[in-house]
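Let's take a walk through this structure together. Have the sequence and the 3D view open as you read.

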Amino acid sequence: MSVSLQDQYDKVYRYCYFKVNNKEIAEDLTQETFLKYFSQTSYINRGKPLAYLYTIAKNLCIDFYRNNKKEQDLDEEVLANDDISTFETSFAIRQAVHTLPNDLQELLLLRFASQLGIGEIANIMDISRFSVYRKLNKAFGKLKTVLREEDFS
């Protein structure tokens, strides 16, 4: 399976952005992801290149948080550009997503932030397509419950 890296660049950027919630850091992590990806040319031609690319991105995001344990303030750019209701909606959804187990958060991130297909997600997470559908439905059910509890219907 060949990977169109030009198509993947924006997807990896969105993935990193949702993980770190900072534009500049996400750009740096995306760039570093591709540098590491190309430095391992022996792996690119065998195995699962897309899964390898997202594994690098995921590990770099984990390393970022490991190295920067302090809490990040709310991005003032978001507050200045968005109206309050949009911000509240976005904040409530993010909070609800953070209540999910890590594997479900990762699944939603790959599906909606990175806009990957079910088959691509199955390859990355090394699970079946059926399992991806099942876990997506489970994530949506839990999100509905959390958002209803917060009177967000």
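## Two helices that cross

Start with α7 and α9, which are roughly perpendicular to each other. This is a predicted model, so keep that in mind as you look around. In general, two packed helices are described by the angle between their axes and the distance between the axes. Here, helix α7 covers residues 102-113 and helix α9 covers residues 129-149, and their axes cross at roughly 105 degrees. The axes also come within 10 Å. That angle falls in the range of 65 to 115 degrees that counts as roughly perpendicular.

Which residues in α7 and α9 meet? On the α7 side, look for D103, L104, L107, L108, R111 and F112. Their partners in α9 are V132, K135, L136, K138, A139, F140, K142 and L143. Sorted by class, this contact has nine nonpolar residues, five charged ones and no polar ones.

Now step back to the whole protein chain. It has nine helices and zero strands, so reading from the N terminus you simply go α-α-α-α-α-α-α-α-α. Of the 153 residues in the chain, 33% are buried. What about contacts that link distant parts of the sequence? If you take the contacts in the protein chain with a separation of 6 or more, 63% of them are between residues 24 or more positions apart.

With that overview in hand, head for the interior. In soluble globular proteins, nonpolar side chains tend to be buried together. In this model, the largest nonpolar core has 38 residues. Which of these touch the most other members? They are C16 and Y54. Several helices feed this core: α1 (5-20), α2 (23-39), α4 (49-67), α7, α8 and α9 each supply at least two residues. The helix that gives the most is α4, with 10 residues.

Zoom in on Y54 for a moment. Leaving out neighbours within four places in sequence, Y54 is in contact with Q8, K11, V12, Y15, L110, S114, L116 and I124. One of those partners, S114, makes a good next stop.

You'll find S114 in the loop between α7 and α8, the latter being residues 118-125. Is S114 buried or exposed? It has 0% relative accessibility, so S114 counts as buried. Its side chain reaches the backbone oxygen of K11 at 3.0 Å. Not counting residues up to four places away in sequence, S114 touches K11, R14, Y15, Y54 and L109. Right next door in the sequence is Q115, which lies in the loop between α7 and α8 too. Phi of Q115 is near 55 degrees, a positive value in a residue other than glycine.

Another residue with a positive phi is N21, also not a glycine, with a value near 60 degrees. Look for N21 in the loop between α1 and α2. At 28% relative accessibility, N21 counts as partly exposed.

To finish, go back to helix α4 and pick out two of its residues. The first stop is A57, which lies in this helix. With 0% relative accessibility, A57 counts as buried. Beyond its neighbours up to four places away in sequence, A57 touches V12, Y15, C16 and T33. The C-alpha atoms of A57 and Y37 are separated by 9.4 Å, and these residues are 20 apart along the chain.

The other stop is C61, also found in helix α4. How buried is C61? Its relative accessible area is 2%, so C61 is buried. Leaving aside neighbours within four places in sequence, C61 is in contact with C16, K19, V20 and L29. Between C61 and I25, 36 residues apart along the chain, the C-alpha atoms are separated by 9.5 Å. C16 turns up here as a partner of C61, just as it did for A57, and C16 is one of the two residues that touch the most other members of the largest nonpolar core.

Technical notes: Residues numbered from 1 in each chain as written. Predicted model: local features only at pLDDT ≥ 70, side-chain atom pairs only at ≥ 80, totals over all residues. Heavy atoms only, no water. Axes fitted to C-alpha atoms, helices over the stretch in contact; angles between N-to-C directions. Helix = DSSP H or I, 4+ residues; strand = E, 2+ residues; numbered from the N terminus. Parallel < 35°, antiparallel > 145°, perpendicular 65-115°, else oblique. Contact = heavy atoms within 4.5 Å. Nonpolar A, V, L, I, M, F, W, Y, C, P; charged D, E, K, R; others polar. Buried < 20%, exposed > 50% of the residue type's maximum accessible area, 1.4 Å probe, protein only. Polar contact = N/O pair within 3.5 Å; in protein donor to acceptor, adjacent residues only side chain to side chain. Core = buried A, V, L, I, M, F, W, Y, C linked by side-chain atoms within 4.5 Å.
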